[in-house]
Amino acid sequence: LVSETVDGAILVVRAGVTRFHDLQAAADTIGHERILGIVLNAVDPVEIRGGGYYRDYYHYGRDPGNHGL
């Protein structure tokens, strides 16, 4: 396993796809002390409460009066 040869790892999980059980198993395999962080990928900005930053980020460059919501 690669986890045996590295000092740290970043886990990447896909929102709505990666099951918590699988994430937990990966963390256990790698070793919790080696996990530097987690990236949550493919998040739907509509699903984020008060999504201010993300809403603005995902709609950057569009007409400021129309955020497509």
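A residue is called exposed when its relative accessible area is over 50%, buried when that area is under 20%, and partly exposed in between. In the predicted model described here, Asp7 has a relative accessible area of 76% and is therefore exposed. Asp7 is placed in the segment before strand S1. Although Asp7 and Glu33 are 26 residues apart in sequence, their C-alpha atoms are 9.3 Å apart in space.

The helix H1 spans residues 20-30. Its buried residues are Leu23, Ala27 and Ile30. These residues lie on the same side of H1, because they cover an arc of only 70° around the helix axis. The buried residues of H1 pack against strands S1 and S2. Gly31 follows H1 and has a positive phi, near 105°.

Thr29 also belongs to H1. A polar atom of the Thr29 side chain lies 2.9 Å from the backbone oxygen of Ala25. Thr29 can also be related to a residue far from it in sequence: Glu4 is 25 residues away along the chain, and the C-alpha atoms of Thr29 and Glu4 are separated by 9.5 Å.

The two strands also contribute to the surface. A nonpolar patch there is formed by Ile10, Val12, Leu36 and Val39, which together have about 400 Å² of accessible area. At least two residues of this patch come from each of the strands S1 (9-14) and S2 (35-41). Val12, a member of the patch, lies in S1. With a relative accessibility of 53%, Val12 passes the 50% cut-off and so counts as exposed. Strands S1 and S2 thus take part in two features: the buried residues of H1 pack against them, and they supply residues to the nonpolar patch on the surface.

Charged side chains were examined next. Side chains of opposite charge can pair when their charged atoms come close. The structure holds one salt bridge, formed by Arg19 and Asp22, with 3.0 Å between the closest N and O atoms. Arg19 has a relative accessible area of 54%, so this residue is exposed. Asp22 has a relative accessible area of 34% and is therefore partly exposed. The salt bridge thus joins an exposed residue, Arg19, to a partly exposed one, Asp22.

Key
Residues numbered from 1 in each chain as written. Predicted model: local features only at pLDDT ≥ 70, side-chain atom pairs only at ≥ 80, totals over all residues. Heavy atoms only, no water. Helix = DSSP H or I, 4+ residues; strand = E, 2+ residues; numbered from the N terminus. Polar contact = N/O pair within 3.5 Å; in protein donor to acceptor, adjacent residues only side chain to side chain. Patch = residues over 30% accessible without salt bridge, like charges linked within 9 Å, V, L, I, M, F, W, Y side chains within 5 Å. Areas by Shrake-Rupley, 256 points an atom, 1.4 Å probe, with all protein chains shown as cover. Salt bridge = Lys/Arg side-chain N within 4 Å of Asp/Glu carboxyl O. Buried < 20%, exposed > 50% of the residue type's maximum accessible area, 1.4 Å probe, protein only. Arc of directions from axis to C-beta. Contact = heavy atoms within 4.5 Å.
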